[in-house]
Amino acid sequence: RLGHTQDAAAGRPRLLGLGVAGPQAGAAGEPYVVLDLPDRVVLQKPPHWEVDTEREADMLEDERGLPLSQCLQSWLRPDCWPLAGDIECHYGLLHRLDVPSSGLILAARTYSAFYDLQLQLSVGKMVREYTVLCHGWVPCSRREVKARVFWSSAGRALPSSIRPCGRPCRTMLKAVERFFRRGAEALALVEVEIATGRRHQIRVHLAHIGHATACDGRYASVPVFLADRTWCPRNFLHRSRLVFHDGNGRGHEASVPLPPDLGQALSGLVTAAQAARGKG
């Protein structure tokens, strides 16, 4: 009801389609529309763009990037779509994604859609899947990580950590491919789904079980991170798939492949099967 009241107070805008641009629009590192619905839209966020749902004074320097809200406002003018200019409602952006990471972002056009999607997120009806490259070979038997993640806004410079006093967290894993780099270094490509959305949840959970994300400057050791930077341009974490419902209860799915920079990093690795054939 609150969303409908706010939408009515703002006046009803014309529901103009943005158009689905496709990956070619992101070749120059610009966000683009993946799925366009009347009151909600899915965007592809390239690396170095910031899902700026917090006030600037509350942010760390290394968490800042090009503001995604300004890109959204260029498509959805706040004078026609007031939610796109409302910082209190995160400009309609439903979830965060770290600045170095890439992938899908869901945004609402209207207040009623925003509260509807927030409800889906809070009760676990929204599916968020990621493709991650991590160090070591994650055992096929390892299907989830359940460990409490702690983070304090009073110590923003500190990374998230696993502590008994942290908030409950659950990350589901599926190892899909094993790799070697330079014949000896083992890496694994993992499909990840999160049941909760804590700060840096995937990265801290993977580091906790001994499989730090490739090129992760916060949760890998300094020597590992510096070595990773010689072949991987950023942390290898990409939100590849979203599943959610529209206002009528109809399900929608959006998916995007790995972006070129991560695809190139992956192409320089040798699969375990290729390595075994080479030895045979």
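Strands here are DSSP runs of type E, at least two residues long, and they are numbered from the N terminus. With that in hand, we can place Gln44: it lies in strand β2, which covers residues 40-45. Keep in mind that what you're looking at is a predicted model. The chain has seven helices and 14 strands, and 48% of its 280 residues count as buried.

**The chain as a whole**

- Let's start with contacts between residues at least 6 apart in sequence: 64% of these join residues that are at least 24 apart.
- As for the surface, the chain exposes about 13,900 Å². Carbon and sulfur atoms supply 53% of that area.

**Gln44 in strand β2**

- Is Gln44 buried or exposed? Its relative accessibility is 6%, so Gln44 counts as buried, given that the cut-off for buried is under 20%.
- Leaving out residues up to four places away in sequence, Gln44 touches Pro31, Tyr32, Val34, Ser102, Gly103, Leu104, His238 and Val256.

**The nonpolar cores**

- The largest nonpolar core has 30 residues, and the ones that touch the most other members are Tyr130, Leu173, Val192 and Ile202.
- Two or more residues come from each of these elements: β2, α2 (68-75), β5 (102-108), β6, β11 and α4 (201-208).
- Which element gives the most to this core? That's β11, with four residues.
- Both domains chip in: domain 1 (29-123) and domain 2 (127-279) each supply at least three residues to this core.
- Now zoom in on Leu173. Not counting residues up to four places away in sequence, Leu173 touches Val138, Arg142, Arg143, Glu144, Val145, Val190, Glu191, Val192, Leu206 and Ile209.
- There's another core apart from this one, with 20 residues, including Leu35, Leu94, Ala113 and Phe114.

**Strand β11 and its two partners**

- Strand β11 (residues 185-194) pairs with strand β6 (residues 127-135) in the antiparallel sense, over seven bridges. One spot to look for is Thr131, whose bridge partner in β11 is Glu191.
- Strand β10 (residues 170-181) also pairs with β11 in the antiparallel sense, this time over 10 bridges. Here you can find Arg178, with Ala188 as its bridge partner in β11.
- β10 and β11 make a hairpin with three residues between the strands, and in that hairpin Arg182 takes a positive phi near 55°.

**Strands β12 and β13**

- β12 and β13 pair in the antiparallel sense over five bridges. Val243 stands opposite Glu253 of β13.
- These two strands form a hairpin as well, with five residues between them. In its turn, Gly249 has a positive phi of about 85°.
- Follow the side chains along β13 (residues 251-255) and you'll see them alternate. His252 and Ala254 point to one face and are buried, while Gly251, Glu253 and Ser255 point to the other face and are not.

**His245 in strand β12**

- His245 sits in strand β12, which spans residues 237-245.
- At 28% relative accessibility, His245 counts as partly exposed, because that label covers values between the 20% and 50% cut-offs.
- Setting aside neighbours within four places in sequence, His245 is in contact with Arg40, Asp116, Leu117, Gln120, Lys125, Arg250 and Gly251.
- How far apart in space are His245 and Arg40? They're 10.0 Å apart, C-alpha to C-alpha, with their positions 205 residues apart in sequence.

**His90 and Tyr91 in a loop**

- His90 lies in the loop between α2 and β5, and Tyr91 is found in the loop between α2 and β5 too.
- His90 has a phi near 60°, which is a positive value in a residue other than glycine. Tyr91 isn't a glycine either, and its phi is positive at about 60°.
- How do they stand on burial? His90 has 31% relative accessibility, so His90 counts as partly exposed. Tyr91 has 15%, so Tyr91 counts as buried.

Key. Residues numbered from 1 in each chain as written. Predicted model: local features only at pLDDT ≥ 70, side-chain atom pairs only at ≥ 80, totals over all residues. Heavy atoms only, no water. Buried < 20%, exposed > 50% of the residue type's maximum accessible area, 1.4 Å probe, protein only. Contact = heavy atoms within 4.5 Å. Pairing = 2+ DSSP bridges. Areas by Shrake-Rupley, 256 points an atom, 1.4 Å probe, with all protein chains shown as cover. Core = buried A, V, L, I, M, F, W, Y, C linked by side-chain atoms within 4.5 Å. Domains from an automatic or database assignment.
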